[in-house]
Amino acid sequence: MLTTKTFIKKTKKGGILKIVREHYLRDDITCGSEICEKCDNKSARPLQENPVNKSDVCKSPHYLIPDTNVVLHQIDVLEDSAIQNVIILQTVLDEVRHRSAPGYKRLKDALYNPDKHFYTFYTYVERQPGETANDRNDRAIREGVKWYHNHLSSKKMSVVLVTNDAENKRKASEEGLNVFTIHEYVKSLRDSSSLVDRLAQSGQNVSYRDKVEFPEHLSLSVIQKGIKSGKYVQGSYMASRENYLEAYVSVHDGDKMIFIQGHMNLNRAIHSDIVAVEMLPEDEWSCPSSLVLEEKEEKVDEENIEMEDEKVKKRKIPKELQQPTGRIVGIIKRNWRQYCGIIRPSTTRHLVIPAERRIPRIRIETRQAADLASQRIVVAIDSWPRNSRYPNGHFVKKLGTIGDKETENEVLLLEHDVPHSNFSEAVLSCLPKLPWVITEEDMKHRQDLRHIDVCSVDPPGCTDIDDALHCRELENGNLERIDMVPELLSSNLCSLRCDVDRFAFSTLWEMTHDAEVVKVWFTKSVIFSRASLTYAEAQMRIDDKSMNDNITKSLRHLNKLAKILKRNRISNGETNSMVEEFMLLANVYTAKKTLEEFPDCAMLRRHPSPPPSNFDPLIKAAESKGFKMDVSCGKALADSLEKAVIPADPYFNTMLRIMATRCMMQAVYSDIIVHRLLAVCIGADASYPSLTDKHKTQTLCNNLNYRHKMAQYAGRASVNLHTHNALQILIPKYGLEGTLRVHRHVVKQYSPVFHRVIVQISIDQSNVQHLKLSIKLVEPVIPGFSVAPAKKEEEEDGPPRKKVKT
Amino acid sequence: MAGLELLSDQGFRIDGRRVHELRKIQCRLGVFSQADGSAYIEQGNTKVLAAIRGSKQKTLHDKVLVNCQYSMATFSTGERKRRPRGDRKSQEMTMHLRQTFDAAILTNLYPRSQIDIFVEVLQSDGGNYCASVNAATLALIDAGIPLKDYVCACSASFVNDSPIVDINYLEESSGKPEIIVATLPKSEQIVFLEMNSRLHEDNLSKVVDTAVKGCKDVYQILDTAVRDHVSQVATVHGWEN
Ligand SMILES: [Zn+2]
């Protein structure tokens with residue numbers, strides 16, 4: 001079994017550690033080509049015998065071998081179906097893995113896709129004395145190409161090295177290899193105009209005469225030294241949603257935030273990059289302008305960068321408002337993704353306006369600009385040279401016509417980074433075949449609860465049916481409550497729709513009528529939901545004395561228990577309501593059980609206490625009406641909210657509560673993992689080894705937190721509590737909320753917090769990417785600002801009540 | 001950034017091996033003439049020297065007393081540090097080795113005597129216990145002490161749903177489960193089994209099987225080495241036929 005291998009020691013020196021690793025060189029690696037007769041033909045051979053060839057520069061059939069930079073920068077092109085039969089050398093794969101996690105993932109997807117005919121080939125080349133790692137890798141790639149060249153030459157199959165590195169290209173052609181730049185190669189393909197658009201522009205010496213010059217970014221080694229000595233700090237860059245001239249950098253260790261302001265200080269960082277920051281001297285510290293600034297739609301003025309920066313500098317900042325302010329000196333890691341946007345065609349260069357406001361405009365080159373004008377498109381950023389006002393990028397794909405429902409959905413999902421692309425083959429093969437039936441195998445580990453009358457109740461505004469409830473009286477007088485959560489979130493397969501058998505994860509309680517838990521256990525189950533009710537329907541059933549079916553009885557029991565539970569918990573100092581009450585109970589018990597069994601990798605959801613400063617807007621708003629908010633703890637807050645009632649104005653309390661909720665940060669949720677861990681503890685599932693792995697759980701958790709956050713953004717637009725020149729308006733009649741921009745002195749003059757106003761609403765279509773609710777003030781009448789009422793009838797069927805707050 | 005990929009999608013481990021492949025094993029018997037028996041083994045970059053000495057003692061009348069001494073050379077790991085004989089790790093290893101060989105040596109053949117097994121790890125790259133056991137077995141054979149069978153040891157781990165055999169230092173320190181087995185290969189009896197880190201019971205038997213299979217492979221190599229050594233010695237002494 002032991003193949004004879006020579007081995008070579010690799011020695012690395014770092015600090016005092018001397019690491020000696022051995023590496024086994026193999027002689028059993030195959031070339032992966034269908035055409036080959038030399039290699040063992042039992043292993044996979046994805047490279048085709050007759051590859052489709054549309055190239056004019058290499059007319060013989062050939063396989064492509066890209067170098068690392070081509071893979072990193074031109075992955076959009078490589079992913080195109082026109083590019084097939086590609087050999088990825090191990091050296092390239094390793095480098096891509098170290099340099100870009102998303103790039104690596106996309107490359108791996110291509111390698112897995114049988115239609116792409118990608119193949120990984122291992123090469124090993126020892127570093128020569130005096131040779132840099134880069135030179136070694138380039139040489140390894142050329143060695144790989146040479147090997148294939150010799151290996152397949154008898155079969156009349158060529159290999160083409162694709163590299164944009166001039167030196168590498170020169171050496172390769174000296175060695176007699178076929179070599180082209182990606183641009184030469186792609187442009188030589190017949191019918192390739194759309195593919196040419198997708199070429200990234202980096203390394204193509206695109207220069208625009210923008211008359212700007214950003215400060216140079218420091219090199220990584222300088223940054224590292226600076227961070228060590230404390231001169232610079234490292235953090236994640238978070239562009240402001242409201243003002244394109246402002247950003248914060250969240251410092252990695254510690255909760256510190258550093259404020260950054262002005263083009264030159266922002267220095268080409270893009271949202272979510274990891275950056276190095278140098279602090280400014282204290283007398284230059286600044287604070288957010290609180291002005292809602294949006295980048296000018298109109299012309300791009302070459303000088304305006306400096307002008308804008310000057311304008312910012314001129315502002316006088318009172319000492320007490322100043323925040324630690326810094327400037328960005330270098331980029332540690334770019335975290336660019338693909339961005340949705342619309343194109344604004346012009347004669348020479350086209351700017352793409354991303355749907356995400358935190359991303360700057362992106363300049364792209366395309367030959368189909370006119371065609372793209374009506375489309376939502378996806379673009380990628382390639383580079384941001386010092387002399388360019390905007391980052392350069394390239395076109396990736398069209399999403400569809402602007403305004404089309406499907407397209408808009410796709411934009412939302414993409415922009416909030418909710419993965420929605422087609423699942424890979426591997427994932428699909430795990431899913432049961434449709435039509436889906438429950439098999440005996442499935443029942444082995446599950447409790448059959450289909451005979452129980454279960455129904456689901458959606459909390460208001462929730463479309464995912466994901467909690468089903470049941471409660472019945474047991475023979476011993478106690479109540480049995482069951483709480484079921486579908487095993488995986490979403491999809492037809494899992495959500496607890498009524499009238500179909502569904503897998504669920506159930507928590508069963510035996511409780512007394514006083515809501516004391518006697519016993520609790522967990523099981524995987526099969527359930528059959530009798531009804532899926534909305535909140536209102538459930539309430540109706542509870543109130544309707546004539547209804548006495550099992551479901552209604554169940555609901556009444558639940559309602560009663562929920563009230564008791566709520567009372568108990570409020571006296572412990574927490575706020576919550578109804579269905580959530582039970583979800584919470586389920587979570588508490590699940591957490592206990594999971595923690596017992598998996599002390600290392602249990603994930604618990606924690607409600608961190610929100611920092612008191614978060615509550616400032618709430619306290620101020622309540623004060624304006626003479627109420628005091630005690631935010632010292634959850635219970636105190638709940639009590640003060642309870643008391644803050646103006647009998648004549650029932651919406652006052654509602655609005656306060658809305659504000660209170662906004663002030664509290666939402667916590668983290670990680671349902672799926674909790675389910676899996678719980679499944680393992682009750683022995684229903686074989687454990688996934690990676691699930692009990694602390695580090696993997698940690699990464700997964702971070703990802704979950706991130707997804708959760710993004711999903712929340714997708715779910716509701718974030719509301720800015722900090723602007724001083726806008727009023728938030730709640731329109732109860734339509735359940736709408738909007739922003740009314742007013743001049744500062746109007747706010748001062750009228751002090752309109754919680755005032756009732758009359759407004760006129762319409763849809764602002766001036767920016768198709770962000771259809772906005774436009775609100776205009778009707779009453780109180782402010783000369784030069786308010787507008788005349790539009791139609792009289794509207795007011796007659798009850799004037800919408802509006803509240804405002806600063 | 002991306003951590004180490006212990007097992008690539010193409011089925012290769014960090015050092016280029018496939019999942020079921022052992023590291024290269026090289027060994028020699030009779031490396032010292034002073035000792036009653038000695039052997040040197042290299043399993044990849046792990047290098048171990050073992051020596052045997054027999055002597056009289058009076059404590060046990062019905063069987064031989066097996067005594068072990070395990071130590072690691074100061075230069076054996078990347079980090080150079082003093083390793084006093086009595087440190088906890090060495091003591092534990094010493095005890096494990098004694099138990100292992102107590103089970104394999106036909107102890108009742110030598111009443112009122114003592115067998116000392118000295119093991120020194122010269123270079124460590126994972127699998128110290130395994131290499132020590134294998135070296136000690138060879139040294140015992142070199143000393144001509146009757147054993148029930150060879151004692152062969154091998155480790156295994158579990159990465160990406162796949163058991164891997166004979167793990168090196170990098171794989172060992174990745175926090176993945178580690179199973180160490182010593183067997184008497186002919187009868188497939190397990191004389192020692194140790195597990196580190198967590199592994200789900202569903203996968204346990206797969207990983208143990210892999211380690212046991214590894215022991216058999218080790219046995220093949222050791223056996224060849226012993227036969228080569230014997231025939232070499234025979235040639236030198238003119239004992240052919
Ligand atoms: Zn071949």
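Are A:Cys36 and A:Cys39 buried or exposed? Both of them are buried. Keep those two cysteines in mind, since they come back below. One thing to know before going on: this is a predicted model.

**The chain as a whole**

Let's start with the big picture. Chain A has 806 residues, and 45% of them are buried. Along the chain you can pick out 26 helices and 28 strands. Now take the contacts between residues at least 6 apart in sequence: 63% of these join residues at least 24 apart.

**The zinc site**

Back to the cysteines. A:Cys36 and A:Cys39 each give their SG atom to a zinc ion, together with the SG of A:Cys31 and the NE2 of A:His151. The distances run from 2.0 to 2.3 Å. If you follow the donors along the chain, their spacing reads C-x4-C-x2-C-x111-H. Why is this arrangement called tetrahedral? Because the four donor atoms subtend angles of 103 to 116° around the zinc ion. For four tetrahedral donors, the ideal angle is 109.5 degrees.

**Two barrels**

Next, look for the strands that close up into barrels. One barrel in chain A has five strands in the order β8-β9-β10-β12-β11, with mixed pairing. Its twist averages 50° from one strand to the next. Another closed barrel of five strands, again in chain A and with mixed pairing, runs β13-β14-β15-β17-β16. Here the twist averages 55° between one strand and the next.

You can zoom in on one strand pair from each barrel:

| Strand pair (chain A) | Residues | Bridges and direction | A facing pair |
|---|---|---|---|
| β11 and β12 | 274–279 and 325–333 | Six, antiparallel | A:Val275 opposite A:Ile331 |
| β16 and β17 | 375–383 and 392–401 | Eight, antiparallel | A:Ala380 opposite A:His394 |

The barrel with β11 and β12 also has a helix to look at. Helix α9 of chain A (residues 220–229) lies across β8 (232–239), β11 and β12. Relative to β12(A), helix α9 runs at about 130°.

**Both ends of one helix**

Finally, find helix α6 of chain A, which covers residues 166–174. What caps the N-terminal end of helix α6? That job goes to A:Asp165: one of its side-chain oxygens lies 3.0 Å from the backbone nitrogen of A:Glu167. Just after α6(A) you reach A:Gly176, which takes a positive phi of about 80°.

Notes:
Residues numbered from 1 in each chain as written. Chains lettered and ligands numbered in written order. Predicted model: local features only at pLDDT ≥ 70, side-chain atom pairs only at ≥ 80, totals over all residues. Heavy atoms only, no water. Pairing = 2+ DSSP bridges. Helix = DSSP H or I, 4+ residues; strand = E, 2+ residues; numbered from the N terminus. Axes fitted to C-alpha atoms, helices over the stretch in contact; angles between N-to-C directions. Donors = N, O, S within 2.8 Å, 3.2 Å for Na, K, Ca; no water. Tetrahedral: all angles 85-135°; square planar, octahedral: opposite > 155°, others 65-115°. Buried < 20%, exposed > 50% of the residue type's maximum accessible area, 1.4 Å probe, protein only. Contact = heavy atoms within 4.5 Å. Polar contact = N/O pair within 3.5 Å; in protein donor to acceptor, adjacent residues only side chain to side chain.
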